[in-house]
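Grab a viewer and something to scribble on. Here are some short exercises, each with its solution worked out underneath.

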Amino acid sequence: MVVIRLARGGAKARPFFNIVVADKRTRRDGRFIERIGFYNPIATASEESIRIAQDRLTYWKSVGAQASPTVERLINQAAKKAA
């Protein structure tokens, strides 16, 4: 099964997450199929905190990829900011 989830990056105490499409069986920060965005939880007001490629998200959901609950929350949060 293919999932859309977060892969952690950044340094200790400074998290940065990539939103990736990966096989469910791979490790959290392991191999992935495609990077479709990022989430920076400690972004300042002048920095971008979430970016998601909507066209790629729509494609992967259309072919059956399941988004994790956290990614679903971030998708909804990004949609509210865009509107």
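The exercises below go from the whole chain down to single residues, and the model they use is a predicted one.

**Exercise 1. Work out how many helices and strands the protein chain has, and in which order they run.**

Start with the count: there are 2 helices and 5 strands. Next, walk from the N terminus, and you should read β-β-β-β-α-β-α.

**Exercise 2. Check the radius of gyration of the protein chain against the value for a compact globule.**

Step one: for 83 residues, the globule rule gives a radius of gyration near 12 Å. Step two: the protein chain comes out at 13 Å, so the two agree. Step three: put the principal axes on the C-alpha trace, which spans about 35 × 35 × 20 Å along them.

**Exercise 3. Describe burial, surface and charge for the protein chain.**

Burial goes first: 36% of the 83 residues are buried. Then take the accessible surface, which is about 5500 Å², with 52% of that belonging to carbon and sulfur atoms. For charge, count 16 positive and 7 negative ones; their mean positions sit 6 Å apart. To finish, look at contacts with a separation of 6 or more: 31% of them join residues 24 or more positions apart.

**Exercise 4. Find the largest nonpolar core and say which elements supply it.**

The core has 17 residues, and those with the most contacts inside it are Ile4, Ile19, Ile36, Ile52 and Val71. Now trace where the core residues come from: strands S1 (2–11), S2 (14–23), S3 (34–39) and S4 (50–52), plus helices H1 (54–62) and H2 (69–82), each give at least two. H2 has the largest share, with 4 residues.

**Exercise 5. Take two of those core residues, Ile36 and Ile52, and list what they touch beyond four places in sequence.**

For Ile36, the contacts are Ile4, Ile19, Val21, Arg51, Ile52, Ala53, Arg56, Leu57 and Trp60. For Ile52, which lies in strand S4, the contacts are Ile19, Ile36, Gly37, Leu57, Leu74, Ile75 and Ala78. Is Ile52 buried or exposed? Buried means under 20% relative accessible area; Ile52 has 13%, so it is buried. As a distance check, the C-alpha atoms of Ile52 and Asn40 are 12 Å apart, with the two positions 12 residues apart along the chain.

**Exercise 6. Sort Ala13, Asn76 and Ala65 into buried, partly exposed or exposed.**

Ala13 is in the loop between S1 and S2. Its relative accessibility is 70%, so Ala13 counts as exposed. While you're there, check the backbone: phi of Ala13 is near 70 degrees, a positive value in a residue other than glycine.

Asn76 belongs to helix H2. With a relative accessible area of 45%, Asn76 is partly exposed. Its C-alpha atom is 12 Å from that of Gln54, 22 residues away along the chain.

Ala65 sits in the loop between H1 and strand S5 (66–67). The relative accessible area here is 7%, so Ala65 is buried. Beyond four places in sequence, Ala65 touches Val2, Ile4 and Trp60. Measure off one last separation in the viewer: the C-alpha atoms of Ala65 and Ile50, 15 residues apart along the chain, are 20 Å from each other.

Conventions:
Residues are numbered from 1 along each chain as its sequence is written. This is a predicted model: local features need pLDDT of at least 70, side-chain atom pairs count only at pLDDT 80 or more; totals for chains, interfaces and linings use all residues. Side-chain values use heavy atoms; hydrogens and water are left out. The radius of gyration is taken over C-alpha atoms; the globule rule is 2.2 Å times the number of residues to the power 0.38. Buried means under 20% relative accessible area, exposed over 50%, partly exposed in between (1.4 Å probe, protein chains only). Contact means heavy atoms within 4.5 Å. Accessible areas come from the Shrake-Rupley method with a 1.4 Å probe; for residues, only the protein chains shown count as cover. Lys and Arg count as positive and Asp and Glu as negative; His and the chain ends are not counted. The place of a charge is taken as NZ of Lys, CZ of Arg, CG of Asp or CD of Glu. A nonpolar core is a set of buried Ala, Val, Leu, Ile, Met, Phe, Trp, Tyr and Cys residues joined through side-chain atoms within 4.5 Å.
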